[in-house]
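Please open the model in a viewer and keep the sequence panel visible. The tour below proceeds by selection, one step at a time.

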Amino acid sequence: MITHPFAFMRLPYAVLMALDSRMFHFWLQPVHYLIRIVHIISMAMFFGMDMLFDLGVLRPRMAARIAPAAQLMVRPLHVTFAIAMVSGVVLFFYDPVHIGSRAYLTPKLLLITLAMLNALWCHRSVYLPVLRGNAAMSVRGRIGASLSLLLWSGVMIMSCLNSEGVPKVFLR
């Protein structure tokens with residue numbers, strides 16, 4: 001029998017059953033696909049803006065030019081993150097047993113938590129100076145931007161794997 005590498009991280013089935021609400025599921029069923037579309041588009045927009053910002057922080061020659069772009073991206077970045085989070089929670093509660101029993105949900109949630117902690121850590125020391133036009137980028141800024149890219153890329157990968165899974169051919 002093939003065991004999945006993240007099998008030990010799965011949410012307990014009893015917890016997933018307790019969270020399941022058939023009434024919510026049937027109420028949401030006619031618009032489920034719309035919420036999924038909103039979730040995917042908002043995730044893509046957030047990830048794209050975050051990636052552009054982080055890549056700008058990592059390139060020393062871009063530091064002076066990143067401030068105007070970053071000032072334009074801050075509000076849409078926060079809005080798309082909020083939309084992705086709310087729609088993701090709604091999608092989870094649409095069918096918690098099915099979604100929660102997949103092996104990649106818990107690593108995805110862990111990576112989201114770490115990425116949010118990284119953002120809190122970097123907020124004052126990296127993001128605010130960049131928004132103010134400070135061209136000097138510190139080692140801390142580069143570490144924070146690198147971690148952000150790595151963590152959010154991991155979230156996107158886990159999202160893809162959670163929805164489709166890995167073919168059994170690759171799990172041997």
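What span should the 27 residues of helix 3 have at 1.5 Å a residue, and how far apart are its end C-alpha atoms? The expected span of helix 3 is 39 Å and its end C-alpha atoms lie 38 Å apart, so the two values agree. Please bear in mind throughout that this is a predicted model.

**The whole chain**

Begin with the entire protein chain displayed as a cartoon. The secondary structure comes to seven helices and zero strands, and the order along the sequence is α-α-α-α-α-α-α. Of the 172 residues, 37% count as buried. Consider next the contacts between residues at least 6 apart in sequence: 84% of them join residues at least 24 apart.

**Helix 3**

Select residues 32-58, which form helix 3, and show the side chains. Its buried residues include I35, H39, S42, M43, F46 and F47. Further along helix 3, M49, D50, F53, D54, G56 and V57 are also buried. An α-helix has 3.6 residues a turn, so residues three or four places apart point the same way. That spacing is worth keeping in mind while the helix is rotated in the viewer.

Now select I37, which is also in helix 3. Is I37 buried or partly exposed? With a relative accessible area of 43%, I37 is partly exposed, because this class covers values between 20% and 50%. Add S87 to the selection: I37 and S87 are 50 residues apart in sequence, yet their C-alpha atoms are 9.4 Å apart in space.

**Helix 7 and its packing against helix 3**

Select residues 139-164, the extent of helix 7. This helix has 26 residues and reaches 38 Å from its first C-alpha to its last, close to the 38 Å expected at 1.5 Å a residue. Among the buried residues of helix 7 are G141, G144, A145, S148, L149 and L151. Others in the buried set of helix 7 include W152, G154, V155, M158, S159 and N162.

Display helix 3 and helix 7 together. Which relative orientation do these two helices adopt? They pack at an angle of about 155°, with axes 9 Å apart; helix 3 and helix 7 are therefore roughly antiparallel, since an angle over 145 degrees counts as such. Their crossing is left-handed. To see the contact itself, select R36, M43, F46, F47, D50, M51, D54, L55, V57 and L58 in helix 3. Across from these, select G141, R142, A145, S146, S148, L149, W152, S153, M156, S159 and S163 in helix 7. Coloured by class, the residues of this contact divide into 11 nonpolar, six polar and four charged.

**Helix 6 against helix 7**

Keep helix 7 in view and add residues 105-131, which make up helix 6. The axes of helix 6 and helix 7 come within 9 Å and cross at roughly 160°. Helix 6 and helix 7 are therefore roughly antiparallel to each other, and their crossing is left-handed. By class, this contact has 16 nonpolar, eight polar and two charged residues.

Within helix 6, select M116. This residue is partly exposed, with a relative accessible area of 34%. The C-alpha atoms of M116 and S148 are separated by 8.8 Å, although the two residues are 32 apart along the chain.

**Helix 6 against helix 3**

Hide helix 7 and leave helix 3 and helix 6 displayed. What is the angle between helix 3 and helix 6? They pack at about 45°, with their axes 13 Å apart; helix 3 and helix 6 are therefore oblique to each other. The crossing of this pair is left-handed. Select H39, F53, D54 and V57 in helix 3, which meet K108, V126, Y127 and V130 in helix 6. The residues of this contact divide into five nonpolar, one polar and two charged.

**I99 in helix 5**

For the last stop, select residues 96-100, helix 5, and centre the view on I99. Its relative accessible area is 19%, so I99 is buried, the cut-off being under 20%. Leaving aside neighbours within four places in sequence, which residues is I99 in contact with? The partners of I99 are L91, F92, L105 and N162. Finally, add L11: I99 and L11 are 88 residues apart in sequence and 10.0 Å apart in space, C-alpha to C-alpha.

Definitions and conventions: Residues numbered from 1 in each chain as written. Predicted model: local features only at pLDDT ≥ 70, side-chain atom pairs only at ≥ 80, totals over all residues. Heavy atoms only, no water. Axes fitted to C-alpha atoms, helices over the stretch in contact; angles between N-to-C directions. Helix = DSSP H or I, 4+ residues; strand = E, 2+ residues; numbered from the N terminus. Parallel < 35°, antiparallel > 145°, perpendicular 65-115°, else oblique. Left-handed = near helix turned anticlockwise from the far one by under 90°. Contact = heavy atoms within 4.5 Å. Nonpolar A, V, L, I, M, F, W, Y, C, P; charged D, E, K, R; others polar. Expected span 1.5 Å × (residues − 1). Buried < 20%, exposed > 50% of the residue type's maximum accessible area, 1.4 Å probe, protein only.
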